[in-house]
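Thanks for making the time this morning. I would like to walk you through one model, starting with the overall fold and then moving to a few residues.

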Amino acid sequence: MLESLLRQNRATFETFGPHSESSWNPLSDAVEIWATRVREVIIPNNRMILRLLDSNMHLLFPVETMVLERFRIHVDEFERKHVFGAISSSVPQFPEEMNELLS
């Protein structure tokens with residue numbers, strides 16, 4: 001399930017995110033789709049990922065718990081930006097190590 005949620009988030013980010021090809025097209029509606037997909041897909045998926053990992057914390061190595069905590073910070077700040085409109089240039093990027101967690 002974890003891998004599925006991460007895959008869905010990545011596909012959404014790569015297709016509609018701020019660095020996607022379609023986002024550079026001034027005629028594209030990618031920006032609006034991205035805003036919608038963030039609220040409907042990415043944020044709920046992120047919360048589910050955190051619940052899954054928190055409930056299975058005993059399976060994580062110490063280095064993996066640090067990756068989890070970096071992901072938690074990313075999730076919190078990502079939500080602050082996309083739900084509450086907080087503007088910050090220091091929102092941490094998604095920690096790529098999440099893609100190898102539990103693999």
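Let me fix one term before anything else: helices (H or I, at least four residues) and strands (E, at least two) are taken as DSSP runs, numbered from the N terminus. What you have in front of you is a predicted model, in which local features need pLDDT of at least 70 and side-chain atom pairs count only at pLDDT 80 or more, while totals for chains, interfaces and linings use all residues. Residues are numbered from 1 along each chain as its sequence is written, and side-chain values use heavy atoms, with hydrogens and water left out.

With that convention, the chain has three helices and zero strands, and reading along the sequence gives the pattern α-α-α. The radius of gyration is 14 Å, close to the 13 Å that the globule rule gives for 103 residues, so the chain is as compact as a globular protein of that length; here the radius is taken over C-alpha atoms, and the rule is 2.2 Å times the number of residues to the power 0.38. Along its principal axes, the C-alpha trace spans about 50 × 25 × 20 Å.

I will call a residue buried when its relative accessible area is under 20%, exposed when it is over 50%, and partly exposed in between, with a 1.4 Å probe and protein chains only. Of the 103 residues, 31% count as buried. Contact, for our purposes, means heavy atoms within 4.5 Å, and among contacts between residues at least 6 apart in sequence, 60% join residues at least 24 apart.

Now to the interior, where a nonpolar core means a set of buried Ala, Val, Leu, Ile, Met, Phe, Trp, Tyr and Cys residues joined through side-chain atoms within 4.5 Å. Which residues have the most contacts inside the largest nonpolar core? They are I49, L53, F71, M98 and L101, in a core of 13 residues. Helices α1 (2-16), α2 (30-55) and α3 (62-82) each supply at least two residues of this core, and α3 gives the most, with four. Leaving aside neighbours within four places in sequence, L101 is in contact with L2, L53, L60, E64 and V67. There is also a second, separate core of five residues, which includes W34, V38, I42 and I43.

Let me turn to individual positions in helix α2, beginning with N46, which is found there. Is N46 buried or exposed? At 3% relative accessibility, N46 counts as buried, and, not counting residues up to four places away in sequence, N46 touches N9, F71, V75 and F78.

M48 also lies in helix α2, but M48 is partly exposed, with a relative accessible area of 27%. Its partner in this last part of the talk is L5, which has its place in helix α1 and counts as buried at 8% relative accessibility. L5 and M48 are 43 residues apart in sequence, yet their C-alpha atoms are separated by 8.2 Å in space. Setting aside neighbours within four places in sequence, L5 is in contact with N45, M48, I49 and L52.
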